[in-house]
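Trainee: I have a new model to go through. Can we take it piece by piece?

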Amino acid sequence: EVMAAVVSAMFTVFVKSDISSQFLSSIILNSWNLESPLKINFGSTVASESFLRLTKNICLRLGMKIHSELSYISIPEMQKVNIKKLKAEVDASSVFTLACFALLFGNMKVQPFKNEFGQPDFRFLNLFDEWKINYKIKSDSLELSKQELPKFVELNIEDCPDLFPVICAVLSFSDGMHKIYGAPNLVSKESNRIEKTYELLNLAGISVTKLGDGLIIQGVSIPAVKKFSFNPDKDHRMAFAAAVFAYAGFEVELSDEDVVNKSFPQFWKILGRI
């Protein structure tokens, strides 16, 4: 929900951000060369605030002046990009997805690998540290290989909710009770990711309980292989999660393989090399 008004020569936009911060980020990213100052009022609650920080970091790097308060952001008129080149970094959630396949099935090396903008999904490295996962960062590459998964994980995923479907799929292969919680906004992603991940794990024969903000999973190291059909509901991350079971030997019929093209069009090709 977005509303706009002109107040004392300043253009004011009201953006509802308690369910998703994506609309707020898109407005900030398009606030160059404005004829009037802009004030963006987003209220007292912002979902995925870590991604809002990422948006501001990128715009600041490009030269935008941003003034932030508790419930609003103001941007002066006629902001100009003042650098000629900005090199994009690897997508952290895509690297995490491949890393999970490597943990279960093989080896991985990603190059280049740098975290310059503060992508929230790079938190997966902290998770790996907590889980005693061995990995190597050499120069500008990340390497890791198949190894034992953690047992009895309790994880608040509020700051990196995009990792949720794949984390749940991977922990399905680890003996123990795992609680992944803290992201009620998952119901408003491309799909209802809590419901769809619950559906996927159920189809795979994994014992799982729904929460309002996540799932509780009873993992097993060697689940009984099953055959099932799954509709990712136009959600690329649900296709990634379903592929975990496919590569573990499950016979999975995915109704829409091309949905991965939204964020990771090389996904199936890369997996063919694992």
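Mentor: We will go through a sheet, a loop residue, a helix and some salt bridges; keep in mind that the model is predicted.

Trainee: What is the strand order in the open sheet of 4 strands?

Mentor: Pairing in this open sheet is mixed. From one strand to the next, the twist averages 15°. The order is β9-β10-β12-β11.

Trainee: Which strands stand at the edges of that sheet?

Mentor: Look for strands with a single partner. Such a strand has one side left without a neighbour in the sheet, because nothing pairs there. The two that fit are β9 (154–156) and β11 (207–210).

Trainee: How many bridges join β10 to β12?

Mentor: These two strands run antiparallel. One position to look at is Gly176, which stands opposite Gly219 in β12. The number of bridges joining β10 to β12 is 5.

Trainee: What is the bridge partner of Thr209 in β12?

Mentor: β11 and β12 (residues 215–219) pair in the antiparallel sense, over 4 bridges. A hairpin of 4 residues joins them. Opposite Thr209, the bridge partner in β12 is Ile216.

Trainee: Which side chains of β12 point to the buried face?

Mentor: Side chains alternate along β12. Ile216 and Gln218 point to one face and are not buried. Pointing to the other face, and buried, are Leu215, Ile217 and Gly219.

Trainee: Which helix lies across β9, β10 and β12?

Mentor: Helix α6 (residues 193–203) packs on the sheet, but touches β11 and β12, at about 160° to β11. The helix you want runs at about 175° to β10 (176–181). Its residues are 164–171, and its name is α5.

Trainee: Is Ser48 buried or exposed?

Mentor: Ser48 sits in the loop between β3 (38–41) and α2 (49–62). Its relative accessibility is 10%. The cut-off for buried is under 20%. Ser48 therefore counts as buried.

Trainee: Which side chain makes a polar contact with the side chain of Ser48?

Mentor: Leaving out residues up to four places away in sequence, Ser48 touches Ser21, Pro161, Asn185 and Lys189. The polar contact spans 3.2 Å, side chain to side chain. The partner is Asn185.

Trainee: How many of the 14 residues of α3 are buried?

Mentor: Helix α3 covers residues 92–105 and reaches 20 Å from first C-alpha to last, close to the 20 Å expected. It is largely enclosed by the rest of the structure, because most of its residues are buried. The count is 13 of the 14.

Trainee: What is the relative accessible area of Arg193?

Mentor: Arg193 forms a salt bridge with Glu190, with the closest N and O atoms 2.7 Å apart. Glu190 counts as partly exposed at 31% relative accessibility. Arg193, by contrast, is buried. Its relative accessible area is 0%.

Trainee: How many residues apart are Glu190 and Lys262?

Mentor: Their side chains meet in a salt bridge of 2.3 Å, N to O. Glu190 is in the loop between β10 and α6, while Lys262 is in the loop between β14 (251–254) and α8 (267–271). The pair links distant parts of the chain, 72 residues apart.

Trainee: How many salt bridges does the structure hold?

Mentor: Some share partners: Asp162, Lys189, Glu190, Arg193, Asp235, Arg237 and Lys262 are joined into one network. Another salt bridge links Lys16 and Asp18, at 3.2 Å. The structure's total is 10.

Notes:
Residues numbered from 1 in each chain as written. Predicted model: local features only at pLDDT ≥ 70, side-chain atom pairs only at ≥ 80, totals over all residues. Heavy atoms only, no water. Pairing = 2+ DSSP bridges. Axes fitted to C-alpha atoms, helices over the stretch in contact; angles between N-to-C directions. Contact = heavy atoms within 4.5 Å. Buried < 20%, exposed > 50% of the residue type's maximum accessible area, 1.4 Å probe, protein only. Polar contact = N/O pair within 3.5 Å; in protein donor to acceptor, adjacent residues only side chain to side chain. Expected span 1.5 Å × (residues − 1). Salt bridge = Lys/Arg side-chain N within 4 Å of Asp/Glu carboxyl O.
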